[in-house]
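Subject: Structure handover

Hello,

Here is the structure I promised to pass on. Please open it alongside this note.

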Amino acid sequence: MGIIAALLATHSWAADLNAPELKLSAGYEFRMTPVPVVFAQLRKETGLEISLDPKLSKRRITALVTNQPRNQFMLRMADVLGAKWMGLRMVQRDELAKFDKDVIEKNLAASKKLMLADLFAMQKESDRPYSEILNEHKLTEQAMSDLRRDRPEGWGDRFTKLSRRVQVLSPFAYAPSLYGFLRVTRDLPAATWQQMVEGRRISAWVPQEGLAGGKWETLFGDPTSGNAYFSGRPHTPVIDAFDWPKTERPRSLPLGFGTSITREFKAKDESWRTYPLQPGDLDVLERVHRDFGVDVVMEGLLTRDLYYRLSPSTTRDALNGLTKIARAGHEEMRLDGDWITYVPPRAEVKRLYQFDPDVLAMVEKSGANELAPLVKLMGSVTGPAFLDFLYHRAEVSILPLLDSIELFDFLGMLTPAQLNEVARGRAISYTALSPMAKNLFREFAVTGEKSSKGSAELDKDLLLDPFGWDKMYFYFERFMEPSFRRPIGDGKTITGNVNDGVAQSAGQKPTYFVELNFYFGVNFATSMKRSVRMETLVPPPLNKPDPNAKPPVNHEGHGPGL
């Protein structure tokens with residue numbers, strides 16, 4: 001049985017895929033492309049009414065195809081999406097639709113429900129004085145210790161009851177600001193908390209004693225783990241409500257690894273570690289397509305599983321490595337003739353909570369040259385994506401930005417006009433800020449680092465002056481330097497710039513380390529600074545900085561803007 005006939009056998013209603021227009025060969029390059037866009041192109045090329053089940057409309061596809069019959073591509077696209085063809089209409093396969101509804105949706109709903117229950121229990125605790133909560137927590141832990149030591153008759157049930165009580169009280173002891181946060185946010189509507197357990201960051205200004213007058217705090221949930229996290233404790237949950245049961249998703253691809261593919265390697269052998277920033281499965285398959293002439297189709301996800309599996313070897317061994325992965329059968333990968341099809345592990349969950357690919361692409365395209373895309377990306381981050389960024393394929397490194405995401409919350413409070421002024425290196429007066437932005441300004445001004453080694457801290461008399469803050473400004477600057485990667489043998493590389501002895505190789509494009517400096521104060525010399533760094537492939541713009549964007553005197557020397 002030929003390849004086309006075998007594939008059509010798995011799509012019993014797909015006889016229409018034998019239409020003459022679909023037997024013609026074509027080439028495609030789709031990278032993280034929405035499936036409806038792919039279908040629009042197929043309709044335009046063939047004139048056929050090729051349609052899509054709305055359940056699949058939010059999915060994406062990555063496909064690199066050189067001169068193959070359209071119906072071969074369409075069949076494999078359906079396979080990686082867990083779909084089938086009913087005539088010229090692609091629909092989700094029944095067993096996968098049932099799995100999504102009965103397992104994924106059911107577990108997500110249970111996770112959110114239990115997180116909300118724990119949240120409401122903590123909100124109820126916050127109705128009483130904080131000292132009472134701490135005292136009960138201390139006494140309960142002591143009682144548990146006594147039971148564990150003495151083991152009286154029936155102690156197990158009492159211990160379990162006390163441990164459940166400690167689970168409610170412990171977050172208040174380990175995250176003291178949580179108490180004030182819950183009191184400040186007690187009147188938020190139920191819909192807001194529903195968004196929190198779905199992954200949205202919920203932030204609030206929590207009044208505290210001190211010059212700043214309070215602190216910006218954030219709570220966010222991760223429904224894929226049943227946990228919720230609070231400011232300052234990004235890896236220790238304040239809510240641990242649900243453990244996902246082990247599940248086995250029905251296969252999307254046909255059983256078996258297919259057949260081995262033998263191709264001559266016609267490229268320069270390189271270490272995967274020379275790839276900049278955070279390469280992923282897309283980069284691996286793109287390299288195999290280019291170096292070996294094998295066509296590839298995978299569900300469009302920002303995953304990195306294949307990269308991690310192959311990174312100890314070199315690009316010459318990529319096809320052999322993928323063959324071993326397919327044969328092992330632990331992951332959904334199939335090799336057939338001129339094709340590799342692939343579905344990343346846990347695709348059913350990852351597709352729901354990855355970074356927005358379109359917003360991330362805007363930042364990858366603009367780097368640090370534009371602030372608006374960065375602010376939009378930081379504002380759109382969900383809890384699961386926040387915790388999982390290192391496992392996202394990205395042509396930009398923003399992990400340090402996520403660790404200081406409150407700075408981008410501040411930028412998000414500026415008006416579009418103010419953000420544009422900031423990007424040009426111009427100062428924004430404290431008096432021009434919104435009330436909430438003023439709160440964050442005060443926090444950063446009090447808790448930041450000195451902007452210059454020789455400068456004094458902010459004048460506390462000025463801070464105590466009712467009109468002292470009105471004399472201050474917010475300044476922003478970016479400082480870039482190119483960086484290069486150089487192999488040093490044994491599959492290892494070093495990264496640095498010319499000052500570190502890492503010179504640019506012929507034809508090598510640099511990455512750029514970008515330092516983003518946020519200044520809060522009267523002028524640069526006496527302001528407090530918060531700094532974060534990112535790495536990008538995008539060079540600084542060729543145009544010169546705005547000549548009117550002159551900073552105050554005693555500036556550190558980097559210059560405004562870029």
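Below is what I found in it, from the whole chain down to single residues.

First, the ground rules. This is a predicted model: local features need pLDDT of at least 70, side-chain atom pairs count only at pLDDT 80 or more, and totals for chains, interfaces and linings use all residues. Numbering runs from 1 along each chain as its sequence is written, and side-chain values use heavy atoms, with hydrogens and water left out.

**Whole chain**

The secondary structure comes to 21 helices and 19 strands. These are DSSP runs numbered from the N terminus: helices are H or I with at least four residues, strands are E with at least two. The chain has 562 residues, and 50% of them count as buried. Buried means under 20% relative accessible area, exposed means over 50%, and partly exposed lies in between (1.4 Å probe, protein chains only).

The accessible surface is about 26700 Å². Carbon and sulfur atoms account for 52% of that surface. Areas come from the Shrake-Rupley method with a 1.4 Å probe; for residues, only the protein chains shown count as cover.

Take the contacts between residues at least 6 apart in sequence: 71% of them join residues at least 24 apart. Contact here means heavy atoms within 4.5 Å.

**Salt bridges**

The structure holds 34 salt bridges. The criterion is a side-chain nitrogen of Lys or Arg within 4 Å of a carboxyl oxygen of Asp or Glu. Three pairs are described here.

Arginine 165 bridges to glutamate 125, with the closest N and O atoms 2.7 Å apart. Arginine 165 sits in helix 7 (residues 155–174) and glutamate 125 in helix 5 (residues 94–125), so the pair ties together parts that are 40 residues apart in sequence. Arginine 165 is partly exposed, at 26% relative accessible area. Glutamate 125 is buried, at 9%. Both belong to a salt-bridge network that links Glu125, Arg128, Glu132, Glu136 and Arg165.

Arginine 249 pairs with glutamate 348, with a closest N to O distance of 2.8 Å. Arginine 249 is in the loop between strand 9 (239–240) and helix 10 (281–292), and glutamate 348 is in helix 13 (residues 347–353), so this pair ties together parts that are 99 residues apart in sequence. Arginine 249 and glutamate 348 are both buried.

Aspartate 336 and arginine 334 form another salt bridge, with closest N and O atoms 2.5 Å apart. Both of these residues are buried too.

**A three-stranded sheet and helix 4**

One open sheet has three strands in the order 2-5-4, with mixed pairing. Its edge strands are strand 2 (51–52) and strand 4 (83–86), each pairing on one side only. Strands pair if DSSP finds at least two bridges between them. Strand 2 and strand 5 (residues 89–92) run parallel over two bridges. Serine 51 stands opposite arginine 89 in strand 5.

Helix 4 packs on this sheet and touches strand 4 and strand 5. Its direction makes about 135° with that of strand 4. Axes are lines fitted to C-alpha atoms, for helices over the stretch in contact; angles run from 0 to 180 degrees between N-to-C directions.

Helix 4 spans residues 70–80, and 11 of its 11 residues are buried. Charged residues are among them, including Arg70, Arg76 and Asp79. Glycine 82 follows the helix and has a positive phi, near 65°.

**Two buried polar residues**

Asparagine 517 lies in strand 18 (residues 511–521). It counts as buried because its relative accessibility is 0%. Its side chain makes two polar contacts with other side chains: glutamate 515 at 3.0 Å and serine 531 at 2.5 Å. A polar contact is a pair of N or O atoms within 3.5 Å; within protein, one must be able to donate a hydrogen and the other to accept it, and residues adjacent in sequence count only if both atoms are side-chain atoms.

Serine 366 is in helix 14 (residues 357–366). It is buried, with a relative accessible area of 8%. A polar atom of its side chain lies 2.9 Å from the backbone oxygen of methionine 362. Leaving aside neighbours within four places in sequence, serine 366 contacts Pro373 and Val538. Proline 541 is 175 residues from serine 366 in sequence, yet their C-alpha atoms are 9.7 Å apart.

Best wishes
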